[in-house]
Amino acid sequence: MPFFSRLKALLNQWVNQGYPWPALDVVLPGGRYLHLVGSIHMGTPNMAPLPAKLLRKLSSCDALIVEADILTGDSPFNNVPWCDPLASRLSTEQLAEVEKVANEAGVTMGQLDALPFWQIALVLQAHQAQRLGLRPEYGIDWQLLNAAQQSGRKILELEGSDQQIALLNTLPEDGLPLLLDTLTHWRTNAHLLQVMISWWLQAPPATGNASLPNTFGDQLYDVLMNQRNITWNDYLQQLPPGRYVVAVGALHLYGTGNLPELLQAKKNGQ
């Protein structure tokens, strides 16, 4: 199925289930009910509080499942080793592009100089989001985690922060492809953030007349999206009977190898 058709089918599925936020329900054999929520890790003040209907789902579920519990533990970046100066690791052209984007994002080169490439990409992306008015405390998973703690809901992790850092450390060339993709798709990523915010503020599109750009190269998409979806699917398939709210990055809910498709394929014996 072409990309546009897959996206249209998923968007229509969201609408048909009647949720004013990006979400869909998946029922697995054995009495497992999953409410998949397309999360955004940073949000705007008008994205709080969460919809009352979603909070009711959370208060009645057996557990909240997130990529990582960002409310507990020390910063996962504390043990990331320092690297050689950027001038010795990048070409003149690449260094100039990093400086240009960093200046636009309000980041000094001193903040980036000793970081691995993948971490530089994350820092730039986070500052770009902040420049667009997004803050971590208004992110969907942040709000869900706080609500789960307050209501005494169990919290489960699909991978955890340490595993996320370990994955990033496996990227080739210290994550240079991720940094280069961030630079190449800098404007596109800003637009993508705004589109995903609109899904929460204005409801998911009522038709398939929406297309989202891919801001990853094929190799990165496989590692950061496809392979993680496969791992998460395996985890979710092992859950005991119960009702679960599952919050994952919104982009994991569409495209080739998306999480809902994998869950349904297993359910249908494919």
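Buried here means under 20% relative accessible area. With that cut-off in hand, welcome to a quick tour of this predicted model. Its average pLDDT is 89, and 88% of the residues score at least 70. A good place to start is helix α8, whose buried residues are L176, L178, L179, D181, T182 and L183.

**Helix α8 and its neighbours**

- The buried residues of α8 pack against several helices: α3, α5 (117–131), α7 (161–169), α9 and α10 (218–237).
- Take α3 as a partner to look at in detail: the axes of α3 (residues 92–105) and α8 (residues 176–184) come within 10 Å and cross at roughly 60°.
- An angle from 65 to 115 degrees would count as roughly perpendicular and one under 35 degrees as roughly parallel, so α3 and α8 are oblique to each other.
- The crossing of α3 past α8 is left-handed.
- On the α3 side the contact is made by Q94, E97, V98 and V101, and on the α8 side by L179, L180 and L183.
- As a reminder for reading such lists, an α-helix has 3.6 residues a turn, so residues three or four places apart point the same way.

**The nonpolar cores**

- In soluble globular proteins, nonpolar side chains tend to be buried together.
- The largest nonpolar core in this model has 61 residues, and the members that touch the most others are L112, L124, L178, L179 and W200.
- Helix α9 (residues 186–201) supplies the largest share of this core, with 8 residues.
- A second core, separate from that one, holds 18 residues, including A63, I65, W232 and L259.
- L179 is worth a closer look: setting aside neighbours within four places in sequence, L179 is in contact with V98, F117, I120, A121 and L124.
- L179 thus turns up several times, as a buried residue of α8, as part of the contact with α3 and among the residues touching the most other members of the largest core.

**Loops to inspect**

- What is the relative accessibility of L251, and is this residue buried or exposed? At 19%, L251 falls under the 20% cut-off and therefore counts as buried.
- L251 sits in the loop that runs between β5 (242–249) and α11 (259–267).
- The C-alpha atoms of L251 and M225 are 8.3 Å apart, although 26 residues separate the two along the chain.
- Between α7 and α8, the loop contains E173 and also D174.
- E173 has a positive phi near 55° despite being a residue other than glycine, and D174, likewise not a glycine, has a positive phi near 60°.
- The relative accessible area of E173 is 54%, over the 50% cut-off, so E173 is exposed.
- For D174 the relative accessible area is 40%, between the two cut-offs, so D174 is partly exposed.
- Do look for the cis peptide bond joining A48 and P49, with omega at about -5°.
- P49 belongs to the loop between β2 (32–39) and α2 (52–59).

**Where to read with care**

- Residues 1–5 have pLDDT under 50 throughout, and the model gives them 6 contacts beyond four places in sequence.
- Residues 12–16 also stay under 50 in pLDDT, with 14 contacts beyond four places in sequence.
- Where pLDDT is low, the predicted coordinates should not be read in detail.

Terms used: Residues are numbered from 1 along each chain as its sequence is written. This is a predicted model: local features need pLDDT of at least 70, side-chain atom pairs count only at pLDDT 80 or more; totals for chains, interfaces and linings use all residues. Side-chain values use heavy atoms; hydrogens and water are left out. pLDDT is the predictor's confidence in each residue, from 0 to 100. Contact means heavy atoms within 4.5 Å. A nonpolar core is a set of buried Ala, Val, Leu, Ile, Met, Phe, Trp, Tyr and Cys residues joined through side-chain atoms within 4.5 Å. Buried means under 20% relative accessible area, exposed over 50%, partly exposed in between (1.4 Å probe, protein chains only). Helices (H or I, at least four residues) and strands (E, at least two) are DSSP runs, numbered from the N terminus. Axes are lines fitted to C-alpha atoms, for helices over the stretch in contact, and angles run from 0 to 180 degrees between N-to-C directions. Angles under 35 degrees count as roughly parallel, over 145 as roughly antiparallel, 65 to 115 as roughly perpendicular and the rest as oblique. A crossing is left-handed if the near helix is turned anticlockwise from the far one by less than a right angle, and right-handed if clockwise.
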